[in-house]
Amino acid sequence: MCKDKLHELLVTLPKCEHHIHIEGALTPHLLFKLAARNNIDLTSIDDHDGPYANEEQLQARYGSFTSLTDFIRYFSFGSTVLITAEDFEELAYTYFVKAHEQNVKHAEVFFDPQAHTSRGITYSTVLQGLSRAKQRAQGDFDISIAYIPCILRHHGLQSATRMFQEVTDAGHFAENTVAGLGMAGDELVHPPEYFKPVFDAARSAGIRCTAHVGQAGPATFVSSAIENLRTGRVDHAWIAKTDSQLMQRLAETNTLVTLCPISNVTLGFIGSIAEAPIREFLDRGVRFSVNSDDPAYFGKYVQENFCAVQEAFNLSASDWSTIAINAVEGSWCSDERKKVLKQQVAAVISRWHAAQGT
Ligand SMILES: Nc1ncnc2[nH]cnc12
Ligand SMILES: [Zn+2]
């Protein structure tokens with residue numbers, strides 16, 4: 001935890017997390033537990049450096065990802081221990097407990113249907129487990145939860161279209177079982193516009209859309225997501241800071257950018273947290289939230305991301321108030337929920353000022 005004078009404020013600040021992959025919350029501990037429960041021999045995984053010998057070795061290997069591709073390989077291996085609805089429920093509920101401990105009041109959680117259906121695990125099994133976890137967590141804690149099925153780029157257009165159709169046919173977009181459509185995976189495999197047909201179908205059905213862009217790819221990928229896919233949100237997109245016109249567009253359209261500073265450093269896209277576009281976005285009025293991405297793989301949750309940003313940028317309480325309120329405004333939840341969340345943020349900020357005598 002950081003030693004900053006704002007640390008207490010950052011801990012108590014009500015948080016919205018918009019960029020967390022539920023499969024990325026699979027800790028080595030849970031991975032080994034589920035493998036044992038499902039009779040999966042982890043040492044048989046096709047890999048030559050033997051990290052699946054035990055939890056400690058796997059944890060150590062997670063400390064040395066060499067690229068997005070290297071990370072995605074481990075992320076994909078990890079997902080293969082998820083078999084039953086109970087597995088998905090345990091994974092998601094475990095994350096919600098942690099999120100609650102860090103004062104996450106609203107969580108929008110990506111999941112990758114194709115990673116599971118391609119292994120013979122049905123979409124309905126995945127949803128059953130995730131829905132139970134959501135219901136339990138919303139009953140146990142003051143947290144609102146939304147799920148976002150995520151296209152995996154490296155599975156191609158046909159597979160993405162099938163996934164979109166399955167979620168649509170289940171009625172899950174219409175009944176708000178899921179809050180929108182996302183896209184992740186290896187960004188450099190296909191440019192955003194390659195997936196235009198799926199996003200066109202989603203947008204014409206009134207479905208909210210977002211996409212991972214400008215993580216590994218150029219600023220033009222961010223522009224393409226906004227223009228061609230008509231996403232109202234972009235994930236990562238740290239590269240936008242290099243394109244002044246794009247920054248203006250993001251600000252004018254109130255597009256939320258879901259930043260993941262520790263993820264970007266861990267995977268080598270930026271050299272340090274200080275290179276995250278925090279100051280530029282605040283100064284240019286670009287809306288953003290601060291998120292964990294894959295907390296179990298990067299070893300850090302949302303609170304640690306808040307602390308890392310504070311240590312690098314020495315922000316003011318007013319900056320954090322802006323960040324927290326913008327995160328609420330950019331959330332995919334009801335206006336009533338936004339009102340409650342904004343009141344919670346305002347109350348924490350004013351209590352903090354009162355305690356400081358400021
Ligand atoms: N950081 C990331 N980039 C692309 N795809 C992902 N899937 C999970 N985490 C991801
Ligand atoms: Zn991500």
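**Group meeting: the zinc site and ligand 1**

Hi everyone, let me start at a contact: a polar side-chain atom of D293 sits 2.7 Å from a nitrogen atom of ligand 1. Please keep in mind that this is a predicted model.

Staying with ligand 1, D294 has an N or O atom in its side chain that is also 2.7 Å from a nitrogen atom of the ligand. For H21, a polar side-chain atom lies 3.4 Å from a ligand nitrogen. How much of ligand 1 does the protein bury? Taken alone, the ligand exposes 260 Å², and 99% of that is buried by the protein. The residues around ligand 1 include L68, F71, F75, A184, G185, Q215 and H236, and H21, H212, D293 and D294 are on that list too.

Now for the metal. Which protein atoms are donors to the zinc ion, ligand 2? They are NE2 of H19, NE2 of H21, NE2 of H212 and OD of D293, at 2.0 to 2.3 Å from the ion. So D293 is a zinc donor with a polar side-chain atom 2.7 Å from a nitrogen of ligand 1, and H21 is likewise a donor that contacts the ligand at 3.4 Å.

For the geometry fans: the angles subtended by the 4 donor atoms run from 84 to 173°, which makes the arrangement irregular. Along the chain, the donors of the zinc ion follow the spacing H-x1-H-x190-H-x80-D. H21 belongs to strand β1 (residues 15-21) and H212 to strand β5 (residues 210-213), so this pair ties together parts 191 residues apart in sequence. Both of these histidines, H21 and H212, are buried.

Thanks for listening!

Key:
Residues are numbered from 1 along each chain as its sequence is written. Chains are lettered from A and ligands numbered from 1 in the order in which they are written. This is a predicted model: local features need pLDDT of at least 70, side-chain atom pairs count only at pLDDT 80 or more; totals for chains, interfaces and linings use all residues. Side-chain values use heavy atoms; hydrogens and water are left out. Donors are N, O and S atoms within 2.8 Å of the metal (3.2 Å for Na, K and Ca); water is not among the atoms, so sites may look incomplete. Four donors count as tetrahedral if all angles lie between 85 and 135 degrees; four count as square planar and six as octahedral if opposite donors are over 155 degrees apart and all others between 65 and 115; anything else is irregular. Helices (H or I, at least four residues) and strands (E, at least two) are DSSP runs, numbered from the N terminus. Buried means under 20% relative accessible area, exposed over 50%, partly exposed in between (1.4 Å probe, protein chains only). A residue is near a molecule or strand if one of its heavy atoms lies within 4 Å of it. A polar contact is a pair of N or O atoms within 3.5 Å; within protein, one must be able to donate a hydrogen and the other to accept it, and residues adjacent in sequence count only if both atoms are side-chain atoms. Accessible areas come from the Shrake-Rupley method with a 1.4 Å probe; for residues, only the protein chains shown count as cover.
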